[in-house]
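Biologist: I should like to learn how the features of a protein model are read. May we work through one together?

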There are 2 protein chains.
Amino acid sequence: MKTSNHSPTALLRAHGLRVTPQRLAVAEYVLRKPMHVTARIVHEKIRESYPAISMNTVYLTLGQFERCGLLNRFEVHGNIVFDSNTSPHDHACCNRCGAIIDLDSPRSEPSEQAAPLPEQLRQWQIKAERRIWMGLCPACNAESVL
Amino acid sequence: MKTSNHSPTALLRAHGLRVTPQRLAVAEYVLRKPMHVTARIVHEKIRESYPAISMNTVYLTLGQFERCGLLNRFEVHGNIVFDSNTSPHDHACCNRCGAIIDLDSPRSEPSEQAAPLPEQLRQWQIKAERRIWMGLCPACNAESVL
DNA sequence: GTGGTAGATAGGATGTATTCCTATAAAGGA
DNA sequence: TCCTTTATAGGAATACATCCTATCTACCAC
């Protein structure tokens, strides 16, 4: 159990990353369950148990996790958001409260599972596709009507 | 011809905006043809003919044009980009040179023209949908192979 | 035309997210 | 245990976007 294949330590090793306390702390917080976080949020959270961690380290660590495929990065309202759900999916973001939700079944047709590459991108080397819906979540929408 | 319905002056008036030299200059540059610009680019361009224009005015003007539906706003690599092509379409962005292109036929199926709203968003009030493909454009892809 | 007022502009100050730089510290292999 | 490579902390730097305010101007009423 101590070093199972799913432990943060094993995960870092499996991706060729040195195991440091900072990386373990970030991995345990971010990779434990699907979530959306900014560098600032991670920094605040990790500082609770590791007060000396710097913003720089958080950025570097999240960037490495992204390069390893452990995280996806997207942008909303000018902020970089890291997503530990790395299976392909779309997002919706509330313009008011900032809530971000995953869209589980983005494609209406099962045949579209693998998003079809537009004809114009035949000669591109596509690395990522991001789709985001923006508007008011049910709660904020109800408030704005009042 | 002087004040045709398609002149920048008429366009501003039609949207309830006061006609100022600054707004005319921005409108003539940005709205003449479909293009993608940042506030910085607009500022640099307008200053050629109007050296005193401030960044603040550019931001305000572009924001107003957006609120009027004359421009769409999206984000790529942390920058706000304004798009004078307001018909629904997707984008592709080159990670290397920053080029942004419009995708004319984003939906493979004609029936999908109106992007189907995911089931999970039934109770949301959706204002906009953005979809962006990221990778290497043909030119940069060729270079990276060398 | 002219005058008055709501709205626009310039310019600087401010805030904030991200990246850069560098000396020090630590991980992990020999 | 030593040594080399890599990571970290902390501060500096950058860049984008917004806020603030005095001044100016478009345009409506007269």
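Biologist: How many salt bridges does the rule find across the interface of chain B and chain A?

Modeller: Please keep in mind that this is a predicted model. A salt bridge is assigned by distance, with a side-chain nitrogen of Lys or Arg within 4 Å of a carboxyl oxygen of Asp or Glu. Across the interface of chain B and chain A, two salt bridges satisfy that rule. One of them is formed by the side chains of Glu129(A) and Arg131(B), at 2.7 Å from N to O.

Biologist: Which elements give two or more residues to the side of chain B that touches chain A?

Modeller: Here one asks which helices and strands supply the residues in contact. In chain B they are β2 (72–76), β4 (90–94), β5 (100–103), β6 (125–136) and α5 (138–145). The largest share comes from β6(B), with 12 residues. By residue class, the side of chain B that touches chain A divides into 21 nonpolar, 10 polar and nine charged residues.

Biologist: What area do chain B and chain A bury between them?

Modeller: Buried area is read together with the kinds of atoms that supply it. Chain B and chain A bury about 3400 Å² between them, and carbon and sulfur atoms account for 57% of it. The contact draws 40 residues from chain B and 40 residues from chain A. As for polar contact, 18 residue pairs are counted between the two chains, with both residues at pLDDT 80 or more.

Biologist: How many bridges join strand β6 of chain A to β6(B)?

Modeller: Strand pairing is read from the bridges and from the relative direction of the strands. Strand β6 (residues 125–136) of chain A is joined to β6(B) by 11 bridges, and the two run antiparallel. Within this pairing, Trp133(A) has Glu129(B) as its bridge partner.

Biologist: What is the order of the strands in the open sheet of chain A?

Modeller: For a sheet, one reads the order of the strands and then looks for its edges. The three strands of this open sheet follow the order β1-β3-β2 in chain A, with antiparallel pairing. Its edge strands, β1 (36–37) and β2 (72–76) of chain A, each pair on one side only. Two bridges link β1(A) to strand β3 (residues 79–83) of chain A, and Val37(A) stands opposite Phe82(A) in β3(A).

Biologist: How many helices and strands does the secondary structure of chain A contain?

Modeller: An overall description begins with such a count. Chain A has five helices and six strands, running α-α-β-α-α-β-β-β-β-β-α from the N terminus. Of its 146 residues, 40% count as buried.

How values were computed:
Residues numbered from 1 in each chain as written. Chains lettered and ligands numbered in written order. Predicted model: local features only at pLDDT ≥ 70, side-chain atom pairs only at ≥ 80, totals over all residues. Heavy atoms only, no water. Contact = heavy atoms within 4.5 Å. Buried area = accessible area lost by both parts, 1.4 Å probe. Polar contact = N/O pair within 3.5 Å; in protein donor to acceptor, adjacent residues only side chain to side chain. Helix = DSSP H or I, 4+ residues; strand = E, 2+ residues; numbered from the N terminus. Nonpolar A, V, L, I, M, F, W, Y, C, P; charged D, E, K, R; others polar. Pairing = 2+ DSSP bridges. Buried < 20%, exposed > 50% of the residue type's maximum accessible area, 1.4 Å probe, protein only.
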